[in-house]
Amino acid sequence: MRSDPGPGQGWGLIEAPAHWRAIDFISDLHLQAGEPATAALWRDWLRRSDADALFILGDLFEVWIGDDLLAAEPQADPEFPFLSACCAALREFSATRALYVMHGNRDFLLGTGFAAASGATLLDDPTLLRWDGQRLLLSHGDAWCLDDRDYLGFRAQVRSPDWQAVFLARPLAERSAVARALRAQSEARKQDEQASWADVDQATAAGWLRASGAATLVHGHTHRPGRHDLGDGLQRLVLSDWHADARPPRAEVLRLERPGGWRRLALAA
């Protein structure tokens with residue numbers, strides 16, 4: 001896994017075929033066996049979707065501790081068969097449509113085994129999508145939350161090839177225990193009313209857009225869906241997280257279509 005480039009140093013590139021008329025973008029589903037309602041909503045939408053392509057911009061899964069979990073015995077961890085079933089649902093979608101997946105801050109260990117099981121193409125972060133005369137920059141967004149310095153330090157550590165090689169060499173049971181501890185820490189922070197939440201740095205986002213020649217940035221991570229005007233014709237579109245059991249429930253798809261442009265599809269009422 002290569003390190004993330006800085007503005008002007010490079011990005012992935014997807015050239016959309018001319019026949020694509022509808023493209024869907026989602027992120028931050030945080031799929032896990034303990035939240036079956038969200039997974040059921042997602043599977044139902046996958047079966048019904050009429051999009052030509054789906055881009056999942058990070059944190060599809062709440063946790064992913066290595067592709068070898070797909071070959072583990074079901075009794076090894078109740079999460080493993082659930083994750084395998086999610087890959088099967090993706091494989092059904094990708095059999096007839098284009099599927100792209102970007103790493104997030106929870107599932108950064110998705111690898112070639114996941115890609116083979118799901119039929120997905122793994123994306124660099126960021127990736128430039130060229131479609132119908134438009135240039136769109138796609139990112140998970142976590143690397144650009146510059147005020148979250150503790151997280152950025154953690155991110156640099158776990159994205160390093162050396163750290164990942166050591167972690168993936170550990171037994172699955174040990175990796176599962178580490179993942180549970182990290183999730184517990186994350187949940188505790190969510191409950192901390194004094195905790196501050198960093199957003200994507202506007203100047204950094206605008207800089208990447210100018211460097212790539214794109215007018216629109218699409219990203220997730222912050223769980224704050226909306227549109228931000230960056231000036232000079234540039235905009236930042238933020239994806240929704242998914243949580244079917246929340247009150248009110250959250251599950252939204254951002255769609256780009258020809259004709260019609262951008263619209264948000266609310267899947268949970």
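Phe 61 and Phe 114 are both buried in this predicted model. They form one of the 14 aromatic pairs that the structure holds. The rings have their centres 6.0 Å apart and their planes at 90°, so this pair is edge-to-face. Phe 61 belongs to the loop between strand E3 (53-57) and helix H2 (79-94), while Phe 114 belongs to helix H3 (residues 112-118), so the contact ties together parts that are 53 residues apart in sequence. The points below cover the other rings, the mixed sheet, the helices on that sheet, the backbone and the cysteines.

**Other aromatic contacts**

- A cluster linked by ring pairs takes in Trp 20, Phe 25, Phe 55, Tyr 100 and Trp 262.
- Phe 93 has a charged neighbour: Arg 97 lies over the face of this ring, at 4.3 Å from the ring centre.

**The six-stranded sheet**

- Six strands make up an open sheet with mixed pairing, in the order E5-E4-E3-E2-E11-E12.
- The edges are taken by strand E5 (121-123) and E12; each has a single partner strand, so one side of each is left without a neighbour in the sheet.
- On average, and with direction ignored, neighbouring strands of this sheet are turned by 25° against each other.
- At the E5 edge, strand E4 (residues 98-102) and E5 run parallel and are joined by three bridges.
- Across this pairing, Met 102 stands opposite Leu 123 in E5.
- E2 and E11 are antiparallel, with four bridges between them.
- Within that pairing, Asp 24 has Arg 255 of E11 as its bridge partner.
- E11 and E12 are also antiparallel, paired over six bridges.
- Glu 257 has Gly 261 of E12 as its bridge partner.
- The hairpin of E11 and E12 has three residues between the strands, and Gly 260 in this hairpin takes a positive phi near 120°.

**Burial of E11**

- How many residues of E11 are buried? The count is six of six, and the strand is mostly covered.
- In a regular strand, side chains alternate between the two faces of the sheet.
- Both faces of E11 are covered: one side carries Glu 252, Leu 254 and Leu 256, the other Val 253, Arg 255 and Glu 257, and all are buried.
- Among these buried residues, Arg 255 is the bridge partner of Asp 24, and Glu 257 is that of Gly 261.

**Helices on the sheet**

- Helix H1 (residues 36-48) lies across strand E2 (22-26), E3 and E11, and runs at about 170° to E2.
- H2 also packs on the sheet, where it touches E3 and E4; the direction of H2 makes about 140° with that of E4.

**Cis peptide bonds**

- One cis peptide bond joins Arg 247 and Pro 248, with omega about 0°.
- Pro 248 is placed in the loop between strand E10 (234-238) and strand E11 (252-257).
- Another cis peptide bond joins Arg 258 and Pro 259, with omega about -5°.
- Pro 259 is placed in the loop between E11 and strand E12 (261-266).

**Positive phi outside glycine**

- Asp 132, a residue other than glycine, has a positive phi near 55°.
- The loop between strand E6 (127-131) and strand E7 (134-139) holds Asp 132.
- Is Asp 132 buried or partly exposed? Its relative accessible area is 43%, so Asp 132 is partly exposed.
- His 221 is also a residue other than glycine with a positive phi, near 75°.
- The loop between strand E8 (216-219) and strand E9 (226-231) holds His 221.
- His 221 counts as buried because its relative accessibility is 18%, under the 20% limit for burial.

**Cysteines**

- A disulfide is a covalent bond between the sulfur atoms of two cysteines.
- The count of disulfides in this model is zero.
- Why does Cys 87 have no bond to Cys 86? The sulfur of Cys 86 is the closest cysteine sulfur to that of Cys 87, but it is 7.0 Å away, too far for a bond; the cut-off is 2.5 Å.
- Cys 87 counts as buried, at 2% relative accessibility.
- Cys 145 counts as buried, at 2% relative accessibility.

Technical notes. Residues are numbered from 1 along each chain as its sequence is written. This is a predicted model: local features need pLDDT of at least 70, side-chain atom pairs count only at pLDDT 80 or more; totals for chains, interfaces and linings use all residues. Side-chain values use heavy atoms; hydrogens and water are left out. Rings of Phe, Tyr and Trp (its six-membered ring) pair if their centres lie within 6.5 Å; planes under 30 degrees apart count as stacked, over 60 as edge-to-face and the rest as tilted. Helices (H or I, at least four residues) and strands (E, at least two) are DSSP runs, numbered from the N terminus. Buried means under 20% relative accessible area, exposed over 50%, partly exposed in between (1.4 Å probe, protein chains only). A charge sits over a ring if NZ of Lys or CZ of Arg is within 6 Å of the ring centre and within 35 degrees of the ring normal. Two strands pair if DSSP finds at least two bridges between them. Axes are lines fitted to C-alpha atoms, for helices over the stretch in contact, and angles run from 0 to 180 degrees between N-to-C directions. Contact means heavy atoms within 4.5 Å.
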